[in-house]
Protein chains: 2
Amino acid sequence: MSLEITFLGTGAAFPSPSRGASALALRREGQCWLFDCGEGTQTQLMRSHLRAARITKIFITHLHGDHIFGLPGLLCTLSLQSNDASKAPVDIYGPLGLRSFLWRSLELSHSQLLFPITVHELVPTRDQCPPEEFKDFSSLDRGEELSQGPPGRVLHLDAGEDSYLLVEDEQLVVRAFRLFHRVPSFGFVLQEKPRPGKLNVQKLKDLGVQPGPSYGKLKSGASIVLENGATLFPGDVLDAPIPGRKICVLGDCSGPLGEAAERLCRDADVLVHEATLADGQRDKARQRGHSTPATAAELAKRCRAARLVLTHFSQRYRPAGQPGHGDTAVTELRRQAEAVMGGREVTLAEDFMTIEIPVKK
Amino acid sequence: MSLEITFLGTGAAFPSPSRGASALALRREGQCWLFDCGEGTQTQLMRSHLRAARITKIFITHLHGDHIFGLPGLLCTLSLQSNDASKAPVDIYGPLGLRSFLWRSLELSHSQLLFPITVHELVPTRDQCPPEEFKDFSSLDRGEELSQGPPGRVLHLDAGEDSYLLVEDEQLVVRAFRLFHRVPSFGFVLQEKPRPGKLNVQKLKDLGVQPGPSYGKLKSGASIVLENGATLFPGDVLDAPIPGRKICVLGDCSGPLGEAAERLCRDADVLVHEATLADGQRDKARQRGHSTPATAAELAKRCRAARLVLTHFSQRYRPAGQPGHGDTAVTELRRQAEAVMGGREVTLAEDFMTIEIPVKK
């Protein structure tokens with residue numbers, strides 16, 4: 001089953017012609033999930049190979065404008081283009097306050113969506129940002145229920161797990177964890193559940209079990225009774241389970257809060273981390289709640305992530321391959337991250353770059 | 001003094017890579033005024049020859065998303081780029097509800113603008129849209145004062161003039177008039193005041209008046225006393241006043257409401273009018289509160305506008321010069337308008353097209 005991510009906006013603070021505002025699409029099983037939705041995301045989607053109509057879930061890392069100002073417009077356009085009422089509902093996950101932002105934007109622009117949306121809000125903890133920046137949005141949206149869909153959940157931190165459980169089905173689980181930024185920010189982990197290992201066909205044949213329904217039963221975890229009356233357990237004829245893939249997408253941050261990030265992102269296949277400024281500006285970055293390539297690489301190293309992808313670059317950095325004088329090229333940021341990673345390759349995100357994450361064998 | 005308009009977005013309903021969402025910039029005396037601000041306007045500004053930092057006034061025709069969803073992001077980016085606090089204040093004019101939209105968007109995204117903005121709200125009349133679409137936003141923004149600038153005015157219709165007076169100084173006046181649309185919509189007229197006619201220098205010399213302060217006095221409208229004791233009035237030595245230029249920008253509409261549009265737009269140098277759908281779709285257009293080329297041309301003809309510019313085209317129409325099969329080319333819409341205008345040339349707006357309006361002699 002294919003799994004890929006496509007960067008739709010890799011610029012910090014505002015969209016520019018060379019880097020859109022933050023947005024990333026994840027494609028799996030014909031569905032498209034969006035992470036952040038800065039202004040212009042709908043146009044970036046049109047320019048990409050993706051089909052916006054496939055979007056069924058949207059995850060918002062934090063409420064800064066360059067991560068949410070494209071959301072009302074994207075929803076309106078999805079609605080306009082789905083006038084056969086076949087558009088699947090959309091579940092939206094993001095910090096407390098997101099529902100009010102959407103409600104007010106849709107209400108004041110007289111926008112009636114033709115498909116259901118549901119906003120699930122994550123309640124941040126007060127220590128996710130400097131105390132003077134914290135705003136309590138818990139009583140903001142009284143009487144502002146989105147009429148377009150079923151009411152969303154209000155998700156509080158699971159103190160034991162130090163995370164938020166957002167989605168779980170037979171195939172995967174999505175959790176959020178806390179980050180420290182100028183405003184409360186979150187990271188998201190999509191983890192596929194392990195698949196059963198391969199059946200040892202030779203062993204089954206030796207035991208006299210012929211291909212048929214028994215194979216399916218064993219693979220699904222049930223035991224069978226052999227003709228000689230003995231019970232055959234799945235573990236007897238199945239290889240070790242095949243681990244699922246893990247994708248981690250972090251919002252803006254100067255670093256994670258608590259131990260969940262490191263635990264949940266352990267052995268990630270891909271870790272997407274912001275690197276707004278170069279290492280030489282580490283103090284300035286931290287003061288603004290942002291990371292440098294070294295900050296990102298240190299976390300990736302601690303998590304033993306297979307692949308670190310840097311994104312959310314200040315628009316001051318010249319895109320790779322673009323000539324220019326004086327300005328720092330973004331490739332310098334890669335060099336800084338690779339130095340921390342002991343020379344291991346680091347990827348620099350570009351708008352419309354797609355990364356495929358192969359199935360594990 | 002140069003006066004020009006630049007189209008930044010000429011598409012209907014949503015932004016696309018070939019046509020941005022609605023936005024038009026007017027440049028005069030080093031200042032830049034914006035009419036509508038659909039999603040992506042800030043990026044379109046970066047792609048154009050205009051300098052966003054020069055924006056001092058923004059006029060919003062109506063509250064549909066494709067006309068306002070770019071406004072919070074544009075203001076945030078202007079603020080980010082003006083950290084020397086030299087950015088001039090921005091006055092924003094638009095329908096009631098606009099202040100609440102902006103307040104909520106800026107508040108929830110934790111955006112602190114570093115320059116003052118003031119939102120002046122136009123109170124629409126209930127007959128500007130179908131009764132079932134009318135929403136009363138008059139009590140929406142209690143306690144939502146924008147802290148970023150002085151409070152704005154609440155502008156009610158001047159019943160005698162059937163219009164709203166927005167701006168008036170020594171050089172020009174800007175008025176709004178009512179349009180009929182799915183939601184209350186407005187048109188804006190910028191009218192330069194007449195300049196005094198040329199001094200008849202030969203006549204002055206014959207009367208013995210030498211070049212000097214007297215010339216300035218006469219030009220400014222004051223009379224002078226000649227050496228022989230006679231009084232010379234400005235009208236004796238000034239040619240007829242030179243009329244100012246007039247630019248009319250209409251929001252989405254199926255037509256104007258009341259008689260003000262025709263009166264205020266009379267003899268416009270440029271009349272910018274939407275033509276969302278072709279004439280063959282006139283019923284559908286009207287039902288959606290929109291115009292076709294013939295609707296626009298009929299108004300332009302009645303107003304004796306010197307130049308009609310059509311814009312806000314449904315994204316279904318193929319841009320001029322772009323090959324394609326089956327789809328109607330936008331040039332067909334020009335033909336339809338020109339048929340009504342008795343063959344007079346009609347202009348089709350394209351993103352980044354600039355039209356200069358020469359000074360009258």
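A salt bridge is here a side-chain nitrogen of Lys or Arg within 4 Å of a carboxyl oxygen of Asp or Glu. By that rule, the whole structure holds 36 salt bridges over all chains. The structure is a predicted model, in which local features need pLDDT of at least 70 and side-chain atom pairs count only at pLDDT 80 or more, while totals for chains, interfaces and linings use all residues. Residues are numbered from 1 along each chain as its sequence is written, chains are lettered from A and ligands numbered from 1 in the order in which they are written, and side-chain values use heavy atoms, with hydrogens and water left out.

**Salt bridges**

Side chains of opposite charge can pair when their charged atoms come close. One of the salt bridges joins the side chains of E161(A) and R263(A), at 3.8 Å from N to O. E161(A) belongs to the loop between β7 and β8 (164–168) of chain A and R263(A) to helix α8 (residues 260–264) of chain A, so the pair ties together parts that are 102 residues apart in sequence. Helices (H or I, at least four residues) and strands (E, at least two) are DSSP runs, numbered from the N terminus.

**The sheet in each chain**

Strands of a sheet pair through backbone hydrogen bonds, either parallel or antiparallel. Two strands are taken as paired if DSSP finds at least two bridges between them. In chain A, eight strands make an open sheet with mixed pairing, in the order β7-β6-β5-β4-β3-β2-β1-β18. Its edges are β7 (154–155) and β18 (354–356) of chain A, each with a single partner strand, so one side of each is left without a neighbour in the sheet. Within this sheet, β2 (residues 23–28) and β3 (residues 31–37) of chain A are antiparallel and share six bridges; L26(A) stands opposite W33(A) in β3(A).

Chain B also has an open sheet of eight strands, ordered β7-β6-β5-β4-β3-β2-β1-β18, and its pairing is mixed. Its β3 (residues 31–37) and β4 (residues 55–59) pair in the parallel sense over four bridges, and F35(B) has F59(B) in β4(B) as its bridge partner.

Helices α3 and α4 lie on the sheet, as listed below for both chains. Contact means heavy atoms within 4.5 Å. Axes are lines fitted to C-alpha atoms, for helices over the stretch in contact, and angles run from 0 to 180 degrees between N-to-C directions.

| Helix | Strands in contact | Angle |
|---|---|---|
| α3 (71–80), chain B | β3, β4, β5 (90–95), β6 (117–122) of chain B | about 170° to β4(B) |
| α4 (98–108), chain B | β5, β6 of chain B | about 145° to β6(B) |
| α3 (71–80), chain A | β3, β4 (55–59), β5 (90–95), β6 (117–122) of chain A | about 170° to β4(A) |
| α4 (98–108), chain A | β5, β6 of chain A | about 145° to β6(A) |

**How the chains meet**

Copies are superposed by least squares on the C-alpha atoms of residues with pLDDT of at least 70 in both. A turn of 180° and a shift of 0.0 Å along the axis lay chain A on chain B with an RMSD of 0.0 Å. The two copies are thus related as by a two-fold rotation axis. The C-alpha of G40(A) is the one in chain A nearest the axis, 2.7 Å from it.

In the interface, 41 residues of chain A are in contact with 41 residues of chain B. Of the interface residues of chain A, 100% are also interface residues in chain B, so the copies meet through the same surface. The chains bury about 3400 Å² between them, 63% of it on carbon and sulfur atoms; buried area is the accessible area (1.4 Å probe) that two parts lose on being put together, summed over both.

The rule finds two salt bridges across the interface of chain A and chain B. The side chains of E107(B) and K135(A) meet in a salt bridge at 3.6 Å, N to O. On the side of chain A that touches chain B, the elements giving two or more residues are α1 (41–47), α2 (65–68), α3 and α4 of chain A.
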